[in-house]
Amino acid sequence: GSSYAGAWQQGENIRFVGANGSGTFDNLTPVYPYKHIKATHNAILLEGGAEDRDSEMAKTWVGTTEEYIFSEKNGVTELSVLMAIYPEWEKMFINDWPKALAALKDICEENN
């Protein structure tokens, strides 16, 4: 249910936003197309899109990272996700990653 605004390129800033405008503001570095992308979270986005770096919640998000590593194994693309996050966010990601990765798999297989 979210979208993004920005370019998937080295050094670019990108916004991941939900329907109400809340989400995250990240910087992408490094970016190796089809191999590796790392997003460093620089702010959370409040409803409407305002950037927040200073609230208690934002302080548990700013500086955390997500890395996406693509590799080929026996003719199949494998995606690994590595995260460096505060413990407060673990439950959400443990819940949400299986759903998000299943949806991504479906999209990839539809377009294959």
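Which element supplies the largest share of the lining of the largest pocket? In this predicted model, that share comes from helix 2, which contributes 10 residues. The largest pocket encloses about 1,200 Å³ of space, and of the 35 residues that line this pocket, those closest to its centre are Ser 2, Phe 16, Glu 66, Tyr 68 and Trp 97. Besides helix 2 (90-110), at least two lining residues each are supplied by strand 1 (3-6), strand 2 (13-17), strand 3 (23-32), strand 4 (36-45) and strand 6. When the lining of the largest pocket is divided by class, 23 residues are nonpolar, 8 are polar and 4 are charged.

The second largest pocket has a volume of about 430 Å³, and its lining includes Phe 70, Val 76, Leu 101, Leu 104 and Cys 108, together with Glu 78, Lys 105 and Glu 109. Two or more residues of this lining are given by strand 7 (76-84) and by helix 2, and helix 2 gives the most, with 5 residues. By class, the lining of the second largest pocket consists of 6 nonpolar, 2 polar and 3 charged residues. Helix 2 is thus the main contributor to the lining of the largest pocket and also to that of the second largest pocket.

Attention now turns to the interior. In soluble globular proteins, nonpolar side chains tend to be buried together. In this model, the largest nonpolar core is made up of 7 residues, namely Ile 44, Ala 58, Trp 61, Tyr 68, Trp 89, Phe 93 and Trp 97. Apart from this core lies another, of 5 residues, among which are Ile 14, Leu 28, Val 31 and Ile 37. Tyr 68, a member of the largest core, touches Lys 35, His 36, Ile 37, Leu 79, Ser 80, Val 81 and Trp 97 when residues up to four places away in sequence are not counted. Tyr 68 and Trp 97 therefore belong to the largest nonpolar core, which is a set of buried residues, and both are also among the residues closest to the centre of the largest pocket.

A polar residue completes the description. Thr 60 is found in the loop between helix 1 (56-59) and strand 6 (65-73), and because its relative accessible area is 15%, below the 20% limit, Thr 60 counts as buried. Leaving aside neighbours within four places in sequence, Thr 60 is in contact with Tyr 86, Glu 88 and Trp 89. With Trp 89, the side chain of Thr 60 makes a polar contact, side chain to side chain, at 3.0 Å, and Trp 89 is itself one of the residues of the largest nonpolar core.

Note on methods: Residues numbered from 1 in each chain as written. Predicted model: local features only at pLDDT ≥ 70, side-chain atom pairs only at ≥ 80, totals over all residues. Heavy atoms only, no water. Core = buried A, V, L, I, M, F, W, Y, C linked by side-chain atoms within 4.5 Å. Buried < 20%, exposed > 50% of the residue type's maximum accessible area, 1.4 Å probe, protein only. Contact = heavy atoms within 4.5 Å. Helix = DSSP H or I, 4+ residues; strand = E, 2+ residues; numbered from the N terminus. Polar contact = N/O pair within 3.5 Å; in protein donor to acceptor, adjacent residues only side chain to side chain. 1 Å grid on protein atoms, 1.4 Å probe; cavity = no way out; pocket = protein on both sides within 12 Å on 5 of 7 lines; lining within 4 Å. Points joined across faces, edges and corners; volume = space filled by probe spheres on them. Nonpolar A, V, L, I, M, F, W, Y, C, P; charged D, E, K, R; others polar.
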